[in-house]
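Reader: I am new to this structure. Please take me closely through one part: how the strands pair, and what sits around them.

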Amino acid sequence: MPNGDDAAVLRCGEALVAVSVDSLVEGTHFSFELYSPAQVGAKAIESAISDIVAMGGEPRFVLVAITAPKTLPIETLKEVFNGIRLTCAERTLLVVGGDTTSGGSVLTVGVTAIGYISDESRICRRSAAEVGDLVYVSGPLGGSAAGLLALQRTLPGLEQVKKRHLEPRCRADLCGQIGSVANALIDISDGLSSEIHHICTASNVGCLIYEEKIPFFPGVVDIAEQLGIDPLTLAWDGGEDYELLFTISREEARKASSQLPGVLIGEITASPGVRAKRGDSERTIQPGGYDHFARR
């Protein structure tokens, strides 16, 4: 299938195999000032397999490649591997290979994730949204970004939302539930604003999001109030929530009814661009989130 989705899908005989690769880089995705080594290993696995889930697949195998500076204590490296081991055991994943080498000044953890898709009709592409589709998100947003702010500003309490950042959980529990009914699907790794733009651009459509319907992770509003920021900013641009954003036809949504996992937040439109409605006012939403190649 063409490039541009969360993972490549390969046909191997009768099987459909989804493959993705993801990297966690010290100083960009994590800091040992905030994370334990085991949390780093766990996050590397969760972020990688999220891409398989976002294609409608079921993660099965991982390969792990680690590049560590020579100054990194061996005990720290062992704990990173322990986080990987425990997460893979919990997710019923097999580590089938990888590489460990020394080099550079920061730790990098690369994970190749491999999974199965039961049949071609369950492959979920970003480019398959249709005008009139409803837009759903699988769970609350803004938690990871709010948790990071709480940790950086050393705000007291708020342990649940801090954990949301330090120990993210992708929605592998929804394997098979969304892929069978969704038109377009993507995971929210870079923020809602970025991901909905990816869907709209790939599908040649627009979108209207009802901001009052965007669900917040517990603690997001509290942290936003303490810091004097709009909690919607954390949901739109925060990233690393690893929830799923998907579109579904109105007919399929009606059939699924209360069994459909997620929260309805908007609809796909024929007019291009992403718009947000709050009360009687509408505004245009630009893609936000983290840009690795922005010139700062």
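Author: First, a working rule: two strands pair if DSSP finds at least two bridges between them. Keep in mind that this is a predicted model.

Start with the sheet of 7 strands. This sheet is open, and its pairing is mixed. Read across, the order is E7-E9-E6-E10-E8-E11-E12. Strand E7 (185-187) and strand E12 (281-284) form its edges, each pairing on one side only. From one strand to its neighbour, the average turn is 25°, with direction ignored.

Now zoom in on one pair. E6 covers residues 134-137, and E10 covers residues 263-269. The two are antiparallel, joined over 4 bridges. Take Leu134: its bridge partner in E10 is Glu267. Helix H5 (192-203) packs on this sheet. H5 touches E6 and E10, and also E7, E8, E9 and E11. The direction of H5 makes about 35° with that of E9. As a general point, strands of a sheet pair through backbone hydrogen bonds, either parallel or antiparallel.

Two strands of this sheet also reach an enclosed space. The count comes to 1 cavity of 30 Å³ or more. The largest cavity holds about 40 Å³ of space. Leu185 helps to line this cavity, and residue 185 belongs to E7. Leu244 is also in the lining, and residue 244 belongs to E9. Other lining residues include Val53, Gly56, Leu174 and Ile178. By class, the lining has 6 nonpolar residues, 4 polar and no charged.

Next comes the sheet of 5 strands. This one is open too, with mixed pairing and the order E1-E2-E5-E3-E4. Strand E1 (8-12) and strand E4 (94-102) each have a single partner strand, so one side of each is left without a neighbour in the sheet. Neighbouring strands here are turned by 20° on average, direction ignored.

Look at the E1 edge. E1 and E2 run antiparallel, and 5 bridges join them. Within that pair, Cys12 stands opposite Ala15 in E2.

Two helices lie across this sheet. H1 crosses E2, E3 and E5, at about 145° to E2. H2 crosses E3, E4 and E5, at about 175° to E3.

These helices also share a pocket. The second largest pocket has about 210 Å³ of space. Among its 14 lining residues, Ala42, Thr87, Glu90, Glu167 and Arg169 are the closest to the centre. H1 (37-53) and H2 (74-91) are the elements that give two or more residues to the lining. H1 supplies the largest share, 5 residues. The lining mixes 5 nonpolar, 4 polar and 5 charged residues.

Arg169 deserves one more look. Its partner in a salt bridge is Glu46, with the closest N and O atoms 3.3 Å apart. This pair links distant parts of the chain: Glu46 is in H1, while Arg169 is in the loop between H4 and E7, and 123 residues separate them. In general, side chains of opposite charge can pair when their charged atoms come close. Across the whole structure, the search finds 19 salt bridges.

Methods
Residues are numbered from 1 along each chain as its sequence is written. This is a predicted model: local features need pLDDT of at least 70, side-chain atom pairs count only at pLDDT 80 or more; totals for chains, interfaces and linings use all residues. Side-chain values use heavy atoms; hydrogens and water are left out. Axes are lines fitted to C-alpha atoms, for helices over the stretch in contact, and angles run from 0 to 180 degrees between N-to-C directions. Contact means heavy atoms within 4.5 Å. On a 1 Å grid over the protein atoms alone, a cavity is a set of points where a 1.4 Å probe fits but cannot get out, and a pocket is an open set with protein on both sides within 12 Å along at least five of seven lines; lining residues have an atom within 4 Å of a point. Grid points are joined across faces, edges and corners, and a volume is the space filled by probe spheres set on the points. Ala, Val, Leu, Ile, Met, Phe, Trp, Tyr, Cys and Pro count as nonpolar, Asp, Glu, Lys and Arg as charged, and the others, Gly among them, as polar. A salt bridge is a side-chain nitrogen of Lys or Arg within 4 Å of a carboxyl oxygen of Asp or Glu.
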